[in-house]
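Trainee: I am new to this structure and would be grateful for a close look at a single part, the metal site, together with its surroundings. Please explain each term as it arises.

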Amino acid sequence: MINKIKDILQNRHAYINLLSHWGLKYKCPFCGFHSKDLLPTGIDNPTIRKYQIIGAGKRNACCPKCGSIDRDRLVYIYLKYELDIFKKPQTRVLHIAPEINLANQFLKHRFTNYICGDFYAEGQHADYSKDFVKHMDVQNLPFADNSFDLIICNHVLEHVFDEKKATQELFRVLAKCGQAILQVPISPILEKTISDTTITDGAILEEKFGQKDHVRLFGNDYKYILESQGFSIQELKLQQKYSKYGLNPDEILFIGKK
Ligand SMILES: [Zn+2]
């Protein structure tokens, strides 16, 4: 009985707290909540500030109701409004290191060819079920050529040992006329991507690349890295068109086509 009362009070508190964010400035495309502000998310460190890394850093970008963040909303808006993908449940989709709120949309719309994968390193904690998200290495994908109409690979390539091999693999398994969403944290002040895969010390990686499990930081040559592996790249900015959705004004959507 006491626990039940505690639950009711907690729910009431959460509800009142949520209402304090209600407003007309933003609308979350995932949960539909209208808010006057967004909550802080992300980490801050001198490297992120030094390189002005887009897609990282502490910022007000989190939905007060469902917790979605700016970069997930950008991908979702592209899929929902630009591709109308959720009306095409036959689409063959490969989702690497899936964002749960995005994955839930594919499940809700009963996609019949939706595959999720992630690399489970030893000792790594996974937030999702391994039945749902299969172990796979993006540098050596277990699929035939031209297997997917859509690939989502959002903030993955900065973690892998060989980003060129990973990009090659993504291109190989993408079907002709398919598209791959290839987001990474990127520094607009860095002409060339910097990388060092010999470093294993998290503190040094954070100091060099902005996060303790990143082995590179992409620069303005990112597009050419993707193109060198075969992709034809389209760079999209959707912030003006979808200004209510609390997107990062600097984030570019990198769409790779075959
Ligand atoms: Zn939301």
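Mentor: In sequence, the donor residues of the zinc ion follow the spacing C-x2-C-x31-C-x2-C. Before going further, please note that this is a predicted model, in which local features need pLDDT of at least 70 and side-chain atom pairs count only at pLDDT 80 or more, while totals for chains, interfaces and linings use all residues. Residues are numbered from 1 along each chain as its sequence is written, and side-chain values use heavy atoms, with hydrogens and water left out.

The protein donors are the SG atoms of Cys28, Cys31, Cys63 and Cys66, lying 2.3 Å from the zinc ion. Donors here are N, O and S atoms within 2.8 Å of the metal (3.2 Å for Na, K and Ca); water is not among the atoms, so sites may look incomplete. The angles among the four donor atoms run from 105 to 115°, and the site is tetrahedral; four donors receive that label if all angles lie between 85 and 135 degrees.

Cys31 belongs to the loop between β1 (22-27) and β2 (34-35), and Cys63 to the loop between β4 (59-62) and α3 (70-82), so this pair ties together parts that are 32 residues apart in sequence. Helices (H or I, at least four residues) and strands (E, at least two) are DSSP runs, numbered from the N terminus. Cys31 is partly exposed, at 27% relative accessible area, whereas Cys63 is buried, at 3%. Buried means under 20% relative accessible area, exposed over 50%, and partly exposed in between (1.4 Å probe, protein chains only).

Two of the zinc donors, Cys28 and Cys63, also appear in the lining of the largest cavity, where the other residues include Tyr26, Lys27, Phe33, Arg73 and Tyr245. On a 1 Å grid over the protein atoms alone, a cavity is a set of points where a 1.4 Å probe fits but cannot get out, and a pocket is an open set with protein on both sides within 12 Å along at least five of seven lines; lining residues have an atom within 4 Å of a point. The structure holds one cavity of 30 Å³ or more, and the largest encloses about 50 Å³. Grid points are joined across faces, edges and corners, and a volume is the space filled by probe spheres set on the points. The cavity lining has seven nonpolar, three polar and two charged residues.

Helix α3, which follows the loop of Cys63, leads to two further features. Together with α4 (100-108), α3 supplies residues to the lining of the largest pocket, at least two from each helix. That pocket has a volume of about 1,300 Å³ and 42 lining residues, of which Ala97, Asp118, His155, His159 and Asp213 lie nearest its centre.

Glu82, also in α3, pairs with Lys241, which sits in the loop between β12 (232-236) and β13 (253-257), 159 residues apart. Their side chains meet in a salt bridge at 2.6 Å, N to O; the term requires a side-chain nitrogen of Lys or Arg within 4 Å of a carboxyl oxygen of Asp or Glu. Glu82 is partly exposed at 32% relative accessible area, while Lys241 is exposed at 57%.

Conventions:
Tetrahedral: all angles 85-135°; square planar, octahedral: opposite > 155°, others 65-115°. Nonpolar A, V, L, I, M, F, W, Y, C, P; charged D, E, K, R; others polar.
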